[in-house]
Structures are given as structure tokens and as C-alpha cells.
Amino acid sequence: MAQGEMPGLTIHTGERGGQRWTIQADSITVGRGSECDLVLNERQVSRQHICIKRQGDLYYIADLDSKNGTWVNDQELKGERPLRDGDKIDLAHAVLLTFLESDATAPMSAHALTIGSSRLRLDREARRVFLAGKEVEPPLSLPQYRLLELLVDAQGAVCSRADVIQAVWPEAVSEGVSEQAIDALVRRLRDRLAEVDPEGQYVITVRGHGFRLDVG
């Protein structure tokens with residue numbers, strides 16, 4: 001495989017959120033242990049969580065009997081399955097990855113979402129947010145940013161409260177987060193975005209279902 005066509009993983013959440021990791025071997029392991037090729041220092045992730053290996057022109061993913069499970073495109077991973085460009089890999093609801101077939105398909109660090117006539121742009125590597133051409137300053141807190149990133153990735157679809165907990169407070173999934181804490185975070189994010197664009201709603205509450213992003 002030629003340089004520039006090497007597959008890789010984009011890390012969206014966790015300590016290494018915003019990083020891009022290139023797969024340079026025919027077989028790699030991902031986990032918390034220092035012996036892994038890609039080390040993710042998150043306590044919910046098993047020491048050896050998943051394996052990704054090349055077979056011919058395809059890459060396959062397998063769960064290595066992890067304690068807290070693996071999901072690919074929201075389907076729990078059982079056994080082995082092929083990976084396709086853009087597949088979302090969720091490790092223990094703690095780290096979200098995207099598999100990319102080559103560097104050529106890797107997104108720019110500034111990820112843009114355009115709906116209607118407005119524009120919201122995230123620089124994932126620096127965790128910066130631009131709204132209507134203006135940067136949100138001071139920067140969003142980490143919980144606020146994680147919530148906004150979740151809504152951006154959903155592309156207008158509704159995110160449940162469980163989705164919010166997994167994305168914003170992955171370490172508290174097993175302990176639970178109150179609805180009041182979620183609602184308070186949503187209000188703070190709305191207030192921060194309103195500081196830049198007072199006319200916009202952006203974070204919409206869908207009663208009984210969750211939240212969605214509307215930047216139209």
C-alpha cells in the first residue's frame with residue numbers, strides 16, 4: 001500500500017481525542033496495556049481490547065474478550081467482521097474511533113457541518129469552535145465541547161440522554177448521571193453559543209427523546 005493510502009483511526013473521545021493514528025502493520029492491538037500498538041489510557045478499556053488485522057485488501061476487527069464490549073456502527077461486535085471506510089468503533093462507551101481506509105479520506109482537523117444557510121465548524125484537534133465565522137471564546141469546557149461534538153456527529157439526528165452520558169461522562173456510565181446535570185449542561189452550551197449568535201437556537205430539546213442540533 002503506497003504512502004498516503006495507509007489506513008488509520010481517528011480518535012474522537014478520551015485523552016487522545018482529536019488525534020489520527022495510522023495503521024502501519026498487518027495486525028495491531030488496541031487497548032489500555034502498554035504492550036498494545038495503540039494505547040488508550042481509559043479505565044473502561046481492557047488491557048487488550050480489540051485487534052485489527054489485514055486480510056488481502058480488507059481489514060477486519062475482532063473483540064479480544066474485552067470486559068466492557070465493543071460496538072461497530074452501534075452494533076455490538078461478536079466475533080470478527082470487516083471494516084469499511086467511515087465505520088464508527090465504540091470501545092466500552094469510553095472511546096469513539098473512526099476507521100478510515102486511507103489518509104486521503106481522513107477529515108481535516110477542522111470538521112465542518114453545514115445545514116441550511118448557517119455554518120458550524122469544529123477544530124477537533126484543538127477543540128475550538130467557530131460559529132457563523134466567529135470563534136467561541138473563551139473555549140467551551142470539555143463537557144460542553146463533548147456534547148457539541150456528539151450533536152455535530154449525529155448530523156441533525158436526535159441524541160438520547162444515554163448517548164449524552166456516554167459521550168460526555170464515559171467514566172460515569174455505570175454510576176449514572178442525573179437528568180438535572182444533563183439539562184444544566186445543555187443550558188450552559190446554549191448560553192455559550194448564544195453569546196456568539198443570540199438569534200440561533202442550535203441545541204433543540206426533543207421532549208421525551210433527547211436533543212438534536214439545528215444550525216439552520
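This passage describes a sheet and several salt bridges in a predicted model.

A good place to begin is the sheet. Six strands make up an open sheet, and reading across it gives the order 2-1-11-10-7-8, with antiparallel pairing. The two edges are taken by strand 2 (20-22) and strand 8 (75-76); each has a single partner strand, so one side of each is left without a neighbour in the sheet. In general, the strands of a sheet pair through backbone hydrogen bonds, and the pairing can be parallel or antiparallel.

One pairing within this sheet can be followed residue by residue. Strand 1 (residues 8-11) and strand 11 (residues 95-100) run antiparallel and are joined by four bridges. Looking along strand 1, the eye can settle on L9, which stands opposite F99 in strand 11.

Attention now turns to the side chains. The structure holds seven salt bridges, and three of them are described here in turn.

The pair E35 and R47 forms a salt bridge in which the closest N and O atoms are 3.1 Å apart. These two residues link distant parts of the chain, being twelve residues apart: E35 sits in the loop between strand 3 (27-31) and strand 4 (38-39), while R47 sits in the loop between strand 4 and strand 5 (50-55). Are these partners buried, exposed or something in between? With a relative accessibility of 42%, E35 counts as partly exposed, and R47 is partly exposed too, at 44%.

A salt bridge also connects E80 with K53, and here the closest N and O atoms are 3.3 Å apart. This pair again links distant parts of the chain, with E80 in strand 9 (residues 80-83) and K53 in strand 5, 27 residues apart. E80 has a relative accessibility of 39% and counts as partly exposed. For K53 the relative accessible area is 30%, so this residue is partly exposed as well.

The helices take part in the next example. The side chains of R161 and D183 meet in a salt bridge, with 2.9 Å from N to O. Which parts of the chain does this pair tie together? R161 lies in helix 2 (residues 161-168) and D183 in helix 3 (residues 179-196), so the salt bridge ties together parts that are 22 residues apart in sequence. R161, at 25% relative accessibility, counts as partly exposed. D183 has a relative accessible area of 24%; because buried means under 20%, D183 is partly exposed rather than buried.

Conventions
Residues numbered from 1 in each chain as written. Predicted model: local features only at pLDDT ≥ 70, side-chain atom pairs only at ≥ 80, totals over all residues. Heavy atoms only, no water. Pairing = 2+ DSSP bridges. Salt bridge = Lys/Arg side-chain N within 4 Å of Asp/Glu carboxyl O. Buried < 20%, exposed > 50% of the residue type's maximum accessible area, 1.4 Å probe, protein only.
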